[in-house]
Amino acid sequence: MASIKLGIVGLGLGQWMVETVKKIEGAQVVAAAENMPARLDSMGGAEAYEKENDLRLYQEADQMMDDESLDAIALAVMPKHRRALIESAGNRGLPMLIEKPWAGNVQIGRELVELCHSFDAPCQIEFPLRCMPAMVRLRELMTGNLGKGWMANANLMMGWCPPPESKHWDAENHNGLLNECYVHLFDTLAFLLGRPKSAFSFGGSFRGSPMPDAAAAVIEFESGASASLTCGGIGAASVDGGHLLEIWTENGLARVSGRQWLPDTLEWALREAKEPTVERFHAPERFTLMEYNMRAFFNTVRRGDPVAATPEDGLIATAMAMAIQESIITGNRVSVDC
Ligand SMILES: NC(=O)c1ccc[n+]([C@@H]2O[C@H](COP(=O)([O-])OP(=O)(O)OC[C@H]3O[C@@H](n4cnc5c(N)ncnc54)[C@H](O)[C@@H]3O)[C@@H](O)[C@H]2O)c1
């Protein structure tokens, strides 16, 4: 196939995608749709952006899909704008890369999974972490020498916490910071430990948020594995990061570290080993952090590889967020219901 022609809907996070695709051979962003003129103004105006990035801008996503011969589309919009766009792209048979969080709640998440299944086109949810080389290698080790995961300890904190009036707290939209941001962490744990069963969590609205803005949780998995985690918006941007994940397995231990969302080091050892093995990996840049996830998506479009993260994976991560949130509020252990 010649270079993959991608269209992007939404130029918030979508601007990061435009920059990311410039790093990937065999793919180009030929068009983007953005229906908020003020956003285009804040970017220096439509014409300047088109010229600078060698793409065509549209106000209507449907118009873009009709006028361009796209090979694939990325839907970089908030959860409440997704359904209509998934329908439009699915009806045109376009492979879709869909932003996280999958949905604002489990019910809507299930409906969207069914909607995606009603089309032939592949749908990948954007979970960059599971596609980064350090994580891919860890999972490979866990299907080999290290064996399956027994226990994990994970952390992802950020200094960023949206103000109380932000869309991120809207129950019809992201439905809270834990679902908005930390599905990245929940998905990583499900990627390594399988399907989650229940969650028990403490936490609170430490920064005056309308919903919990940080959590300390324990997750039980169907395999019998368990994970403890801390996550939320109570970090400090200048020093966020470091420890991301430790995992104890049938045959040993692995530790993943690096700056926050960008793991670059994997240290691991079999239980009886005298020395650990330390492997270092390329980590993407902060604002092009979806590089490996997009590479995987293009391989799906180009040669039919299975999608790196399915709509079901998106639903599972949102169900974990909802269970953790509910557990903080009720004080109960909550089933991860998906
Ligand atoms: N993968 C990541 O690491 C990462 C990072 C940040 C945000 N996100 C996710 O990306 C999604 C978008 O976040 P954001 O911060 O860019 O949101 P945003 O609302 O700031 O930007 C989305 C843009 O899409 C436009 N839009 C919506 N519907 C449209 C349509 N039908 N046609 C044309 N334009 C349309 C809006 O006008 C808006 O400018 C969210 O779900 C967020 O959680 C992911």
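Which residues make up domain 1 and domain 2 of the chain? The views below take up this question and then turn to parts of the predicted model.

**Figure 1. The chain in its predicted model is assigned two domains, domain 1 and domain 2.** The assignment gives domain 1 residues 4-128 and 291-309. Domain 2 takes residues 129-283 and 317-335. From the C-alpha centre of domain 1 to that of domain 2 the separation is 26 Å.

**Figure 2. Domain 1 and domain 2 touch through 18 residues of domain 1 and 21 residues of domain 2.** On the side of domain 1 that touches domain 2, helices α6 (106-117) and α11 (291-303) each supply at least two residues. Helix α11 gives the most to this side, with three residues. Sorted by class, the side of domain 1 that touches domain 2 holds 12 nonpolar, four polar and two charged residues.

**Figure 3. The whole chain has a radius of gyration of 20 Å.** For 338 residues, a compact globule would have a radius of gyration near 20 Å, so the value for the chain agrees with that of such a globule. Taken along the principal axes, the box filled by the C-alpha atoms is roughly 60 × 45 × 40 Å. The chain contains 12 helices and 15 strands. Of its 338 residues, 48% are buried. When contacts between residues at least 6 apart in sequence are considered, 69% of them join residues at least 24 apart.

**Figure 4. The ligand is surrounded by 25 residues.** The closest of these residues are Gly10, Gly12, Leu13, Asn35 and Met36. By class, the shell around the ligand has 15 nonpolar residues, four polar residues and six charged residues.

**Figure 5. Strand β10 (residues 226-232) pairs with strand β7 (residues 149-157) in the parallel sense.** Seven bridges make up the pairing of β7 and β10. At one position of this pairing, Met151 is found opposite Ser226 of β10. Strand β10 also runs antiparallel to strand β9 (residues 214-221), and seven bridges join β9 and β10. Two positions show how β9 and β10 are matched: Ala214 has Gly232 of β10 as its bridge partner, and Ala216 stands opposite Thr230 of β10.

**Figure 6. Strands β9 and β10 form a hairpin with four residues between the strands.** In this hairpin Gly224 has a positive phi, near 100 degrees. Which residue of β10 is the bridge partner of Ala214? The partner is Gly232.

**Figure 7. Strand β8 (residues 196-204) is joined to strand β9 by eight bridges.** The strands β8 and β9 run antiparallel. In this pairing Gly204 stands opposite Ala214 of β9. Ala214 is thus seen again here, since its partner in β10 is Gly232.

**Figure 8. Helix α3 (residues 46-53) is hardly covered.** How many of the eight residues of α3 are buried? The count of buried residues in α3 is zero. Just after α3 comes Asp54, with a positive phi of about 50 degrees.

Methods: Residues are numbered from 1 along each chain as its sequence is written. This is a predicted model: local features need pLDDT of at least 70, side-chain atom pairs count only at pLDDT 80 or more; totals for chains, interfaces and linings use all residues. A residue is near a molecule or strand if its C-beta atom, placed from the backbone, lies within 6 Å of it. Ala, Val, Leu, Ile, Met, Phe, Trp, Tyr, Cys and Pro count as nonpolar, Asp, Glu, Lys and Arg as charged, and the others, Gly among them, as polar. The radius of gyration is taken over C-alpha atoms; the globule rule is 2.2 Å times the number of residues to the power 0.38. A residue is buried if 20 or more other C-beta atoms lie within 10 Å of its own, exposed if 12 or fewer, and partly exposed in between; C-beta atoms are placed from the backbone. Two residues are in contact if their C-beta atoms, placed from the backbone, lie within 7 Å. Two strands pair if DSSP finds at least two bridges between them. Domain bounds come from an automatic or database domain assignment.
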